[in-house]
2 protein chains.
Amino acid sequence: MTIPLPQGYRLNGVHCGIKQQSQQEDVTLIVSDSAATAAGVYTQNVIRAAPVELDASRTPANDIRAIIVNSGNANACTGAQGDQDAIRMTQMVAEVCHIPAESVLVMSTGIIGTLLPMDCVQTGIQAAAQDLASSLQHWEAAARGIMTTDLVPKMSGRLVDMELGPVHITGIAKGSGMIGPNMATMLSVLLTDAPLDADTAQSILTEAVQDSFHCISVDGHTSTNDTVLLLANGHNRPGTLTAKDEVSLRQAVKEVCIDLARAIAADGEGASHLITIDVAGSTSCADAHKIARAVANSPLVKTAIAGADPNWGRIVSAAGYAGVPFDPTGLDLAINGTMIYQAGTPLDFDAEQLSALIRDTFETSIVITLHAGNAGARFWTCDLTNEYVHINADYHT
Amino acid sequence: MTIPLPQGYRLNGVHCGIKQQSQQEDVTLIVSDSAATAAGVYTQNVIRAAPVELDASRTPANDIRAIIVNSGNANACTGAQGDQDAIRMTQMVAEVCHIPAESVLVMSTGIIGTLLPMDCVQTGIQAAAQDLASSLQHWEAAARGIMTTDLVPKMSGRLVDMELGPVHITGIAKGSGMIGPNMATMLSVLLTDAPLDADTAQSILTEAVQDSFHCISVDGHTSTNDTVLLLANGHNRPGTLTAKDEVSLRQAVKEVCIDLARAIAADGEGASHLITIDVAGSTSCADAHKIARAVANSPLVKTAIAGADPNWGRIVSAAGYAGVPFDPTGLDLAINGTMIYQAGTPLDFDAEQLSALIRDTFETSIVITLHAGNAGARFWTCDLTNEYVHINADYHT
């Protein structure tokens, strides 16, 4: 990997025993050398885990120094003790890093309804703090430390040439479905050494999430713990961004978020295909998004792609029930670049050849065009395989 | 089966070759001896098959004499030729039954995007018309003639003692998911010998569908062909219903619809459990319905039940993302009568015993109580098994 690494951050990921079945890292500690502004976007689930409530109360912020993440236990549905444990995690970091507890944010992912083993957590925080560094190896350990059922760590970054000088924006993420033991979660941390005020950081992050993490679906099940955090410490680049620099950074943050969102969809449980759904020619982006989401969430579309079946009937009918009125006689559909449905009518096409193409490539492209306007949306999902059912049915709480 | 059969209707189901892979019945003809009022409820999909468009233009009506149904081909996404074929089916029935073509309704279910083999259809209509009768055997043949991937024919009825005298309301239905080849569909026909004006028939049917067929989900994929029809011929019971009789009939129609809807959920592709989801204590029925639907459509809930896992985390988190605000600390959850989550907190329970109970019984009950109001809703779905993926991934268009 050649990923640009932002300056002024030190990270680590260690195994402390929250994950009892493996030796995989289960605590990640991220420290900014100076106070960073911080923005957060959180789950839309009514039921929010303790760390989500805590972070939501602390962001946007101007004075964040660290993020502590544990995997293996979501600290969700854990009542007052869970709230105290989330706060206690910030205090543990404060003690070993000599920073204020209020300057620490928390993320958790894993089993819900079980109290955190706080002794393990303390051991993990101490161990992680002893070897904080900014190397790629430390970034990778940090990316592994937030994983649950993910098969691969997820990381992406950009180097942005700004008028202020070069800055970095780099993120890690985890998530592969709302899977076991009780559920998984989508978490991401983005770090930049650009200077940003808290409101601008929040605006940039909210916009980037809208076009990335809000546009993916593995099984449509929104977790109690979903969290995306952005820290900006302005390391070696104090000052204020020019308008042009802000546009550049905004674009780079969005690109990194899209990379990570795609990586989550591609790593969906049991996935054998990453599916990109484009809806073009809509009268509004919101309508295009609804149609793309309906297609992405259809088990019939997802099983069709798993079976390498260019099944236009399932796709157009899913578009039809998205709750968006459109003229069915204006609908075109292409799969992997082959037009198979035009102006509401199926075309003749070589189904065997297209099926072979779907089967032999990991990425499948579905493009729906409505010819009603100029707005569009893009959504990512994965196919639905026997392996998904196996992973999620054959586990017992 | 001891099912009350309404008077003044003759039915039949025959095989004519639309289904090429089997000798299963694929044409059902239903004839009322006298003009019947008719009501219809149709798919909410923007893309509607030709027979749906035709029936929707003809109902509510006062003068319906017959319904012709074919399975194996949905006559959907078939353009102008499809529209003509649907009309031609009504003309074929008119010719053999000596009734007006405008008094015939049509339903189709099966493959989409392929023109109907009209020679087969004509042969089927002629054969069915030669042996129309009102026996239970003929009802069963009619119920089989509308099936696609259903494993069992679906039929239910009630005898209603009204002030006007005894009347019958009996229905057949098909559906087991939006399955292959391209999709299946939910179809149902309800016949009563009670007298009803067209507007009352429509009102009774709309209300009954709201609490039955609109409350089931196998895979959340709404078909292009979904249709429920109600005929009322007032056979031997001419006149007008009293207000009390109308209430009795309204209740009976709803009960029959619920029976049939449950039967569809129970016959969902690959289903090993019928799941009933009750949401109580909501501030509105619409909100309760949304929460029940979110739980019913969650692949994680459905795989958990397939695995006999009393996984409260997946259920309460699905309730949490239904788009309905509620106080999480007021939520109770019971599975199969065992309270496992109360006032937002998991309870101690014997997970092994409850798991064994789920595994050993076909029906699973999930009851969510919000303690916010007096409104509620009930929803039915089935579990998600490897067999569902097998059925839907291993088919090629």
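What share of the 397 residues in chain A is buried? I looked this up before anything else and found that buried residues make up 62% of them, where buried stands for 20 or more other C-beta atoms within 10 Å of a residue's own, exposed for 12 or fewer, and partly exposed for the range in between, with C-beta atoms placed from the backbone.

**Ground rules.** I note that this is a predicted model, in which local features need pLDDT of at least 70 and side-chain atom pairs count only at pLDDT 80 or more, while totals for chains, interfaces and linings use all residues. Residues are numbered from 1 along each chain as its sequence is written, and chains are lettered from A and ligands numbered from 1 in the order in which they are written.

**Chain A as a whole.** I counted 11 helices and 15 strands in chain A; these are DSSP runs numbered from the N terminus, with helices being H or I over at least four residues and strands E over at least two. The radius of gyration of chain A is 22 Å, close to the 21 Å from the globule rule for 397 residues, so chain A is as compact as a globular protein of that length. That radius is taken over C-alpha atoms, and the rule is 2.2 Å times the number of residues to the power 0.38. Along the principal axes, the C-alpha atoms of chain A fill a box of roughly 70 × 55 × 35 Å. I also looked at contacts, meaning pairs whose C-beta atoms, placed from the backbone, lie within 7 Å: among those in chain A between residues at least 6 apart in sequence, 80% join residues at least 24 apart.

**The open sheet.** In chain A I traced an open sheet of 7 strands in the order 8-15-10-14-11-12-13, with mixed pairing; two strands pair if DSSP finds at least two bridges between them. Strand 8 (216–217) and strand 13 of chain A are the edge strands, each pairing on one side only. Strand 11 (residues 332–335) and strand 12 (residues 338–342) of chain A run antiparallel and are joined by 3 bridges, and A:Ala334 has A:Met339 in strand 12 as its bridge partner.

I then followed two helices over this sheet, taking axes as lines fitted to C-alpha atoms, for helices over the stretch in contact, and angles from 0 to 180 degrees between N-to-C directions. Helix 6 (residues 243–266) of chain A lies across strand 8, strand 10 (274–282) and strand 15 (375–382), at about 40° to strand 15. Helix 7 (residues 285–297) of chain A lies across strand 8, strand 10, strand 14 (363–369) and strand 15, at about 20° to strand 15.

In chain B I looked at one parallel pair, strand 10 (residues 274–282) and strand 14 (residues 363–369), which are paired over 7 bridges; within it, B:Thr276 is partnered by B:Ser365 of strand 14.

**Single residues.** A:His168 sits in strand 6 (residues 165–174) of chain A and counts as buried because it has 22 C-beta neighbours inside 10 Å. Leaving out residues up to four places away in sequence, its contacts include A:Pro4, A:Leu5, A:Thr192 and A:Asp193.

I checked the peptide bond between A:Thr59 and A:Pro60 and found it cis, with omega about -5°; A:Pro60 is placed in the loop between helix 1 (50–58) and strand 3 (61–73) of chain A.

A:His371 is not a glycine, yet its phi is positive at about 55°. This residue is in the loop between strand 14 and strand 15 of chain A, and it counts as partly exposed because it has 14 C-beta neighbours inside 10 Å.

**Where the chains meet.** The contact takes 50 residues from chain A and 50 residues from chain B. Helix 9 of chain A gives the most to the side of chain A that touches chain B, with 6 residues. I sorted that side into 22 nonpolar, 24 polar and 4 charged residues, with Ala, Val, Leu, Ile, Met, Phe, Trp, Tyr, Cys and Pro as nonpolar, Asp, Glu, Lys and Arg as charged, and the others, Gly among them, as polar.

How are the two copies related? A rotation of 180° with 0.0 Å of shift along its axis superposes chain A on chain B, with RMSD 0.0 Å, by least squares on the C-alpha atoms of residues with pLDDT of at least 70 in both. The two copies are thus related as by a two-fold rotation axis. In chain A, the C-alpha nearest the axis belongs to A:Asn386, 2.7 Å from it. I closed with the interface: 100% of the interface residues of chain A are also interface residues in chain B, so the copies meet through the same surface.

Conventions:
Contact = placed C-beta atoms within 7 Å.
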